[in-house]
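Trainee: Could you take a close look with me at a single part of this one? I'd like a slow walk through it, with any jargon explained on the way.

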Amino acid sequence: MENQTGSIVKFLNISKVFPGVKALDEVSFEIKKGEVHALLGENGAGKSTLLNILHGVNNEYEGIVEIHGKVVAYKNANEAILDGISKVHQEVSLIPDLTVGQNITLGCEPKKGLFIDYNKLHKEANKILKRMNCNFKSEDIARTLSTGEMQMIAIAKGLYHNAQLISFDEPTAALSNQEVNTLFSIINDLKRNGITILYVSHRLDEVFQICDRATVLRDGKHVDTFNINDVTREQLIKKMVGRDVSAYAVRKKKYPISNESVLKVENLSVNGVFESINFHLRKGEILGFAGLVGSKRTDVVRTIFGATRKTTGTIKINEKIVDIKSPEQAVKLGIGLIPEDRKTQGFIKYFDNANNVGLTKMEKFMKFGLLNHKSKTKNCNYYAEEINLRPKDPFYMTNNLSGGNQQKVVIAKWLSSDTDILILDEPTKGVDVGAKAEIYRVLEELIGMGKSIIVVSSELPEVLGLSDRIIVMREGRQVKEFINNNLTEEDILQYAMGVGNDVENARI
Ligand SMILES: Nc1ncnc2c1ncn2[C@@H]1O[C@H](COP(=O)(O)OP(=O)(O)OP(=O)(O)O)[C@@H](O)[C@H]1O
Ligand SMILES: [Mg+2]
């Protein structure tokens, strides 16, 4: 039945309750056929929950979902895919040992009699990959592909099933700049072909770049649906957060930096990964690490933290040589790392917020060999307030929090610990604008207290806004060290992308 309203999806009074949380509260809006529709809101606003309902991942809810004017209630994601409703979510679930083509056609392979017709399978899959300008083949094994390429497979799978709508949940969080560009050109192409896109992201620049309309959710409620060109960035943020927030990283105060170097890294390398890293970090300083995704910044900080074994090099803490063999040892020496991959490295799945936030200072909460639950809970309450955790409940299981709030718990864990040197790897990835501002403020407070911070970030405004000095890496090499004095994004990109070359590079 052709739909007169031009809408492909209609949400009518959708409500969803999890124990203790109303994740969605009578949400109603429409998505028009062929548009790129952004779904926006703070961490925990209910975006992923709504997508899960649309895609049949979550099928216990109140309200009505209509697709093409027909009420649907998919029992699982496969049923939705067969109905042309596809998703490309962050945890792309592929079977790594199968070929790309097998993954694309899984469960619906072309058959010749009883058997899979592999010729046809690869022919059809390759046709789709070609249409998307992918430079890998249906015959390739899925395991060998990059994160970006794996996402392409998920899109291809949707196209194989004649997707009418494809939803993306923070698709660019793990992509390199190049891969983001590729993704955007594919999204534009899908749109030209009449396919509707539902797009969840915390990166507002992206939203302005590729979306036509947007819906904002706040605390599970529908706030507004509007044309993206009708709002400014500030108005958009205000709709999401309900107040004015500066989304930009800025240092409000100038703190004196002492000449005392708390960390010195000399000639550090890991064979085949990165070489000759040399820098020092001073007390009270924020040192930024810039570079493109894949420039090995994460490997450098993981090596300092003892999570990866170094091949050569010396690390000095307060001018004393140390040999850090494990993260436990790093923590004892006063180093903390907030990892990029917080979901698997950052918190314990079976712990509630109070235990996760208190993880690095459990000993502090012990009195006469007994755990003092009260001080543990108090500690959690304090930091939950600082970073605006949602819900603030210390007994909430961290694993049940929204993605961004899980990150806040990991950050709170290190903020509440006694580390002198804090390393943050992509600290605001997946974190909403309001929480970003709060994290920036807390970092500034920490250096005000004489702590020292290393920030690895792919968001240039963030490194530029926070750092006193910036080290630029490219392909496992340190190519430039800047003092952050009126630096611009171009200054950094020049080195990150390989146009600029400096003496430091000549040493390698
Ligand atoms: N399985 C679950 N059990 C309990 N509570 C849940 C569960 N999944 C989500 N919630 C809660 O529902 C609310 C909405 O979460 P949701 O994941 O939809 O937020 P989101 O908008 O996607 O946030 P983010 O930007 O952080 O990804 C949150 O308060 C979250 O804690
Ligand atoms: Mg989410």
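Mentor: Sure, and let's start with a term: a polar contact is a pair of N or O atoms within 3.5 Å; within protein, one must be able to donate a hydrogen and the other to accept it, and residues adjacent in sequence count only if both atoms are side-chain atoms. Here, the side chains of Lys429 and Glu340 are joined by one of 3.5 Å.

Before we go on, some ground rules. This is a predicted model, where local features need pLDDT of at least 70, side-chain atom pairs count only at pLDDT 80 or more, and totals for chains, interfaces and linings use all residues, while side-chain values use heavy atoms and leave out hydrogens and water. Residues are numbered from 1 along each chain as its sequence is written, whereas chains are lettered from A and ligands numbered from 1 in the order in which they are written.

Back to Lys429. You'll find Lys429 in the loop between strand S21 (421–425) and helix H15 (433–448). (Helices, H or I with at least four residues, and strands, E with at least two, are DSSP runs numbered from the N terminus.) Lys429 counts as buried because its relative accessible area is 19% (buried is under 20%, exposed over 50%, partly exposed in between, with a 1.4 Å probe and protein chains only).

Now compare another loop residue, Tyr255. Tyr255 has 21% relative accessibility, so it counts as partly exposed. The loop that holds Tyr255 lies between helix H8 and strand S13 (261–270). Leaving aside residues up to four places away in sequence, Tyr255 touches Glu444, Ile447 and Gly448 (a contact means heavy atoms within 4.5 Å). The C-alpha atoms of Tyr255 and Met449 are 9.6 Å apart, though their positions lie 194 residues apart along the chain.

Follow the chain from that loop into S13, and you're in a sheet. Four strands make up this open sheet, in the order S14-S13-S16-S17, with antiparallel pairing (two strands pair if DSSP finds at least two bridges between them). Strand S14 (274–282) and strand S17 (320–322) stand at the edges with a single partner strand each, so each has one side without a neighbour in the sheet. From one strand to the next, the twist averages 20° (axes are lines fitted to C-alpha atoms, for helices over the stretch in contact, and angles run from 0 to 180 degrees between N-to-C directions). Helix H9 (residues 297–304) packs on the sheet, where it touches S13, S14 and S16, and its direction makes about 115° with that of S13.

Let's stay with S13 for a bit. S13 is mostly covered, with 7 of its 10 residues buried. S13 and S14 run antiparallel and share 6 bridges, and Ser261 faces Arg282 in S14. These two strands form a hairpin with 3 residues between them, where Gly272 has a positive phi near 75°. With S16, S13 shares 5 bridges, again running antiparallel; there, Val265 has Ile315 as its bridge partner.

One more step takes us to an edge. Strand S16 (residues 312–317) is joined to S17 by 3 bridges, and the two run antiparallel. Ile317 is the residue opposite Lys320 in S17.
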